[in-house]
Structures are given as C-alpha cells and as structure tokens.
Amino acid sequence: MEVDDEKTKAKRKDLTLEEKRALAAAKNERRLAKIAAQGPEAEAAAQLRRERIAQREAAKRERNKAKKLGQQWGTDAGAAQGSPAGGGQVKRKGAREEATQAKKKAKSDGEPPTQKNEDGAEGANPNSGPASQPPLPIERDNGEGGGGAKKAKKIKKKNKGEGAAAACSKATGGAENAPDTPCAGANPSDQAIIASRASQLAAAQRTRLTPPFEVFLKYLPPNATEDQVCSFFDGCGEMEAPGPKLMRDSVSGRVIRGFVTFKTPQACREALARSLEKLGKRRVEVTVATTTGTMQAEGTHTPAMFAECIKELGVARFPNGVFVDGTFGRGGHTRKVLEALGPTGELHAFDMDEEAVEVGRQLEKEDPRFHMHHAPFSSMCQVLTSDNVVAGREAKGFKAGGGFVHGVLIDIGISSPQLDGGRGFRPEFDGPLDMRFDQRPEVEDALGFLKRVGRHELAAVVEAYGGEHPLTARRIADAVALAKLEDQLPERTGAFAALVSAAKGKEYQAMHPAKMTFQALRIQVNREYEELRGGLEASAGLLRDGGKTCILTWKHTECAIVVDFARRFEIAAPGAPLRVWFDKARKGDCTSGGPSGGGQGKKKAEKALLAKPAKRLGVIVEEAQRPTLDEVKKNSRSRSAVLHILRRETGVRMSDLEDRAGAWFSWAPYTTEGTSRAAGPGLQASRGSDASV
C-alpha cells in the first residue's frame with residue numbers, strides 16, 4: 001500500500017492491525033536510516049535500536065498468542081475428553097485455570113503455548129497442553145518467539161559453562177539461521193546476557209578482519225580440550241583444519257593459550273562476540289589473533305622490534321663500528337646485528353644466565369666479530385675499558401675513558417626460554433621457588449629471600465615491584481610471616497601461589513592472583529631495576545657523541561626508570577622555555593628577577609648566573625617506538641614492547657638551567673625523592689638532589 005499519506009491512513013478505522021504495524025515499522029525504519037547515515041557509530045546504534053524494537057514486537061506477539069490460546073483451550077479440551085462425536089462436557093472453571101497458568105508461563109518464560117505444525121495449523125504446546133494432545137516438534141526461533149528460548153535454556157543447562165550466548169546460538173542454528181533479534185522471547189534472567197552479546201556482536205561487526213580469520217584465546221581452563229573449545233564456538237561457523245590449536249606446558253600439560261582459525265570473516269566475528277563467556281569456571285577472552293596461523297614454540301625466543309633496533313643503533317651507518325648487546329638472552333638481537341655488521345666490526349654481549357652464556361660461547365667460536373662476557377650489563381663500561389680488552393684495540397678507538405662505542409642495546413625483563421623454563425617464574429606451573437637468572441650457588445634464590453626477609457620489607461617489595469595495593473601487599477607479607485612461624489613456608493611455586501592467592505582474596509583482573517607477587521620476587525632476586533639504572537649510566541659513559549642507547553621496556557615501571565634517567569641528564573633543547581629565558585637574560589632582554597642586593601655584589605652575582613654554562617655529557621630523548629601490527633601478528637609477545645632511544649650529546653643540561661633560574665628568581669627548590677645509586681662515568685650530576693641518585 002502507498003505510504004505518502006500515512007498519518008491519514010493510520011487514523012482510518014478500516015485498517016487492520018497488521019497494516020497499522022506495517023506503517024509504524026516503515027516510519028521507524030526511515031528514521032533509523034537517517035541516523036545510520038551519520039557514520040559507523042551511528043549505524044551501530046541504529047542497528048541496536050532495530051533489535052530492541054524487534055524484541056518488543058516479539059514480546060507483544062507472545063502475549064497475543066497466549067491470550068488466543070486461553071480462548072481455544074475450552075473447545076480443544078472438550079473435543080479431547082468428550083465422546084467420539086465431540087459431545088462431552090467440560091468444566092469451564094478448569095479450562096479457565098489452565099488458560100491462566102498458560103498465560104503466566106508464557107509471560108515468565110517468553111514462550112508461546114502454541115506451535116505450528118508442518119501444515120501451518122496451530123496446536124497446543126506438548127510441554128504445557130493436555131496429555132492427549134499430539135507432541136509437535138520444537139522449531140528454531142524464527143524471530144517471532146517460538147520454542148527457541150526454551151531450547152536455549154535447556155542447552156545452557158546441558159552445556160554448563162558455554163554461556164547464554166553460546167546456548168542461544170545453538171538454539172537459533174548459528175550464524176546461518178540467526179534471527180534478526182537475538183533470542184527473542186528469552187526469559188528476563190537471560191535478557192541482560194543476550195543484550196550484552198548483541199552489543200559484542202555489533203562491535204565485532206565493525207572490526208576489520210584480514211585473512212587468516214583467526215582468534216586468540218586467553219584464560220582458558222588449564223584442563224581444556226580441543227573438543228570443549230569446539231563446543232564453545234558451536235554455531236559460529238566452520239573452522240579451518242585441524243581445528244583449535246592449544247599450547248600446553250611441556251611439564252604439567254596444562255593449557256596456556258590457544259588459537260582458532262575460521263573459514264569466513266562472519267564466523268570470526270561471531271567468535272569475537274563470545275568473548276568473556278564461561279568455559280568451565282573461567283571466562284575466556286577472545287580477541288583477534290596476534291599470530292598468522294602459527295604459535296611461537298615454547299622455549300623459543302623471537303627478538304622484538306629487531307628491524308627498528310638495527311636501524312636506530314646505526315649499524316648501517318657504522319658497519320665496522322663497535323656495538324654492545326647488554327642482554328644476550330638466546331642471541332636473537334645479536335644475530336640480527338651480526339648480519340648487518342661489517343667484516344671488521346665488533347659486537348660485545350653480556351648476560352648472567354649460564355644457559356645464555358653457553359649459547360654465546362658457541363656463537364663466539366663461530367664468529368670472530370662476536371665476544372661474550374659473563375657479567376651483568378651494568379658493568380659494561382668497567383669490562384670494556386679494562387686493560388685486557390683495550391689492549392690491541394686502540395686502533396678501533398678503545399680507551400680507558402670510554403667514548404668509543406657506536407650503539408648499545410638493552411632488552412629489559414625476562415626472555416621466553418626463561419619464562420617457559422622450570423625456574424619458577426610462573427605461578428600457573430609447579431616448580432622450585434628459584435627465579436634466578438644467575439644460577440651460581442652464591443646467588444640467593446627466591447626461597448632464600450623469603451626465609452630471611454621481614455614483613456615490612458616484603459610488603460614494600462610486593463607493593464613497589466608488583467604494583468599491588470598497600471593493604472594487599474601487607475596481607476601477603478603477613479601470610480608469609482605466619483607460614484614461617486609455623487615452619488610451613490612453601491618451597492615450590494604451586495604451594496606458594498596458593499598461599500598468596502588465599503591471602504589476596506578475589507581478583508578483579510583476569511589473571512592469576514599471585515602473578516604480580518611472582519613478578520615482584522623476580523625483580524627483587526635479580527636486582528633488575530638496579531641493573532637497569534646502572535646499565536643506562538654505563539652505556540652513556542661508553543658511547544661516543546651521537547651514539548645511541550636503545551632500550552626495550554615491557555612494563556610501566558621500567559619505562560619510568562628510563563624516563564627518570566633521561567630527564568636528569570637531558571640536554572636543553574633550543575625551544576625549551578628555560579633555554580629561551582636564559583638566552584634572553586644573557587642578551588639583557590629579561591627585566592624581571594635578578595639577584596638580591598645592590599652595588600658591585602649584585603653585578604657580580606648577575607655575571608656569574610648569566611655566564612655561559614659549561615657543556616657536559618648528556619642525552620637527547622628521541623621519539624619512542626612501538627611494534628607494528630604485522631610484527632604483533634607474527635610475534636604476539638612483542639605487543640607490550642616500547643623502544644626508547646637516548647642519544648648521547650655534549651651540551652647544556654636542563655638541570656644547570658634549572659639551577660640558574662632558581663637562583664635568579666629566588667625560587668624555593670623542589671623536594672625530590674630518589675633511590676641512592678652512584679653516578680655513571682661521565683655523568684656526574686650538577687645539583688645536590690641529583691648527586692644522590
């Protein structure tokens with residue numbers, strides 16, 4: 001029918017109810033189309049509004065069917081219970097009671113008491129009608145209510161842990177037969193979950209996907225199987241062979257993570273909408289996969305951002321220069337540097353892990369340009385300026401005072417072989433409470449530290465290095481203290497993780513409750529942050545002017561240490577406000593401020609404050625870099641990496657200008673808190689507050 005005169009026709013009494021609904025639906029659709037034309041976000045909002053309208057219409061249809069059923073049951077029951085000729089009598093009171101119960105059930109369950117058979121005739125629902133009514137098959141939900149919601153409820157009970165959205169998908173036949181409204185007619189207890197899945201599905205529809213259509217599974221149950229993962233994604237779409245790929249710990253066999261590749265982008269989006277639904281007792285996080293159909297093998301290490309590191313180190317500009325890899329690991333970055341290094345160039349690597357040093361010794365035999373040092377990278381300046389290293393290398397610029405290295409690379413944190421090994425770095429797997437990089441007997445392990453540390457010190461370590469709330473850190477320290485008093489301090493990671501979890505209580509984040517405590521112990525045992533501070537200062541002493549230190553960090557606390565070092569020894573940029581003020585003051589263009597007093601004393605003070613400051617060694621901070629999307633897809637563990645670049649230069653430090661400005665304007669000094677550490681070679685701090693750092 002024509003819609004140009006909708007208002008007039010909608011008011012006419014000769015229009016049927018269906019025609020009026022059609023006019024209202026057309027009006028709503030035009031309004032939503034205007035909203036959707038405003039952009040992608042508006043389009044998603046319009047789609048959600050369409051789904052809500054469809055849900056309301058479906059609910060209305062359910063109520064009407066229930067009402068109609070109440071009117072039919074009297075005659076249906078009479079025909080069933082009476083004579084063959086249909087002359088039996090039925091008590092009207094009983095029919096009304098049954099109709100009332102059917103209405104209540106339809107209203108609470110969102111399920112109509114009638115179904116349509118193959119011929120289109122209506123009959124009583126076999127689950128609610130008289131016993132003599134023939135049972136009818138329950139059809140999948142077609143967007144108008146029906147038995148889909150009840151079937152979804154049954155599947156949810158049968159497959160506990162799959163989530164309401166997964167059960168709903170089964171009841172509606174998956175992506176191919178999905179209705180316009182998600183599980184229309186579901187009972188109120190499932191409406192919030194179904195609405196959440198609709199929102200997730202709408203967000204997944206906006207996700208750009210490129211082949212292969214793969215998802216990454218995080219927080220899987222430790223005992224999950226491939227069949228259970230298949231059931232979790234049942235109804236999404238067809239998977240690529242061989243199906244789910246689960247990575248398991250080689251010792252315990254527990255599942256760590258997994259991947260699933262689908263054949264179509266729509267199936268992948270359906271899978272993304274299942275994120276945070278339960279599998280067993282865990283909510284599985286489903287995201288776009290960060291690998292291209294493969295998983296990094298356990299115990300192997302893929303160097304992060306190696307192309308960016310090689311470029312920033314300047315190996316191409318100085319192919320026969322001297323370079324340092326402060327954290328050898330398994331030699332991933334080292335081998336990339338050697339590939340770009342010239343025939344007379346040198347690369348010196350440092351590590352304290354005996355397994356890493358053994359790999360380095362073998363590489364040292366294979367390539368004469370490479371030299372392995374079993375020492376912490378904080379000692380690189382001391383080692384490379386020693387007599388036995390300098391001797392015979394004077395022609396390459398080696399000297400006792402440093403200043404001959406072209407580039408230094410420092411990759412902070414733990415390597416993949418160490419993380420996947422059996423040294424107790426992960427709370428999910430049982431092993432010795434060790435956590436040492438350096439396995440020499442004289443080096444204290446995590447168990448030894450726990451045995452000797454006091455409550456206050458342990459709480460401070462967990463708070464500072466693990467990022468735990470102060471009260472949580474104290475409770476963990478108290479639990480360890482109680483275990484020591486009862487001579488029941490755990491000696492293996494599994495029991496210790498259980499102790500920490502019990503002390504910490506419920507965790508709002510989707511990770512092991514003891515993860516951050518394990519991180520704090522690892523940092524404390526290996527003195528990682530002290531090593532980083534010392535390594536930054538040592539590298540600055542070794543580098544020549546223009547040489548760069550490239551630091552790969554993985555946590556905010558590591559970034560903070562790098563930023564703290566850079567700010568303390570930063571060279572003043574030409575456009576810095578303090579540098580602009582100082583240049584104006586030297587030219588006599590600054591009329592405000594000045595030393596107090598008068599006469600010759602004031603003039604001498606002004607001359608001293610405006611004298612040209614001495615140029616000293618410092619650093620210039622270049623723009624930090626992050627891994628590209630292509631790299632993250634190939635190496636999932638690189639996603640948290642940040643590459644900091646500090647270039648050594650000689651110039652006026654910002655700290656010197658801050659001292660001059662403070663004295664000129666009589667500003668009160670800032671109070672700073674710093675950890676005590678010795679200044680590195682060539683980086684003697686200028687101010688009292690820096691001298692102790």
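Which residue in S14 does Thr549 stand opposite? It's Leu646. Keep in mind that this is a predicted model.

**The strands around that pair**

Strand S12 (residues 543-553) and strand S14 (residues 642-651) run antiparallel to each other, paired over six bridges. Both belong to an open sheet of seven strands with mixed pairing, ordered S10-S9-S8-S11-S12-S14-S13. At the edges sit strand S10 (370-374) and S13, each with pairing on one side only. On average, neighbouring strands here are turned by 20° against each other, if you ignore direction. Helix H21 (residues 528-542) lies across S11 (405-411), S12 and S14, and runs at about 155° to S12.

**A proline in a loop**

Just before S13 in the chain, you'll find Pro613 in the loop that links helix H24 (599-609) to strand S13 (616-625). Is Pro613 buried or exposed? Pro613 counts as buried because its relative accessibility is 8%, and the cut-off for buried is under 20%. Looking past its neighbours within four places in sequence, Pro613 touches Phe582, Val652 and Arg660. Take Arg660: the two residues are 47 apart in sequence, yet their C-alpha atoms are 9.4 Å apart in space.

**The chain as a whole**

Here are some overall values for the protein chain.

| Feature | Value |
|---|---|
| Helices and strands | 27 helices, 14 strands |
| Buried residues | 46% of the 693 residues |
| Exposed area | about 35,800 Å² |
| Carbon and sulfur share of the exposed area | 52% |

As for contacts between residues at least 6 apart in sequence, 70% of them join residues at least 24 apart.

Notes
Residues numbered from 1 in each chain as written. Predicted model: local features only at pLDDT ≥ 70, side-chain atom pairs only at ≥ 80, totals over all residues. Heavy atoms only, no water. Helix = DSSP H or I, 4+ residues; strand = E, 2+ residues; numbered from the N terminus. Buried < 20%, exposed > 50% of the residue type's maximum accessible area, 1.4 Å probe, protein only. Contact = heavy atoms within 4.5 Å. Areas by Shrake-Rupley, 256 points an atom, 1.4 Å probe, with all protein chains shown as cover. Pairing = 2+ DSSP bridges. Axes fitted to C-alpha atoms, helices over the stretch in contact; angles between N-to-C directions.
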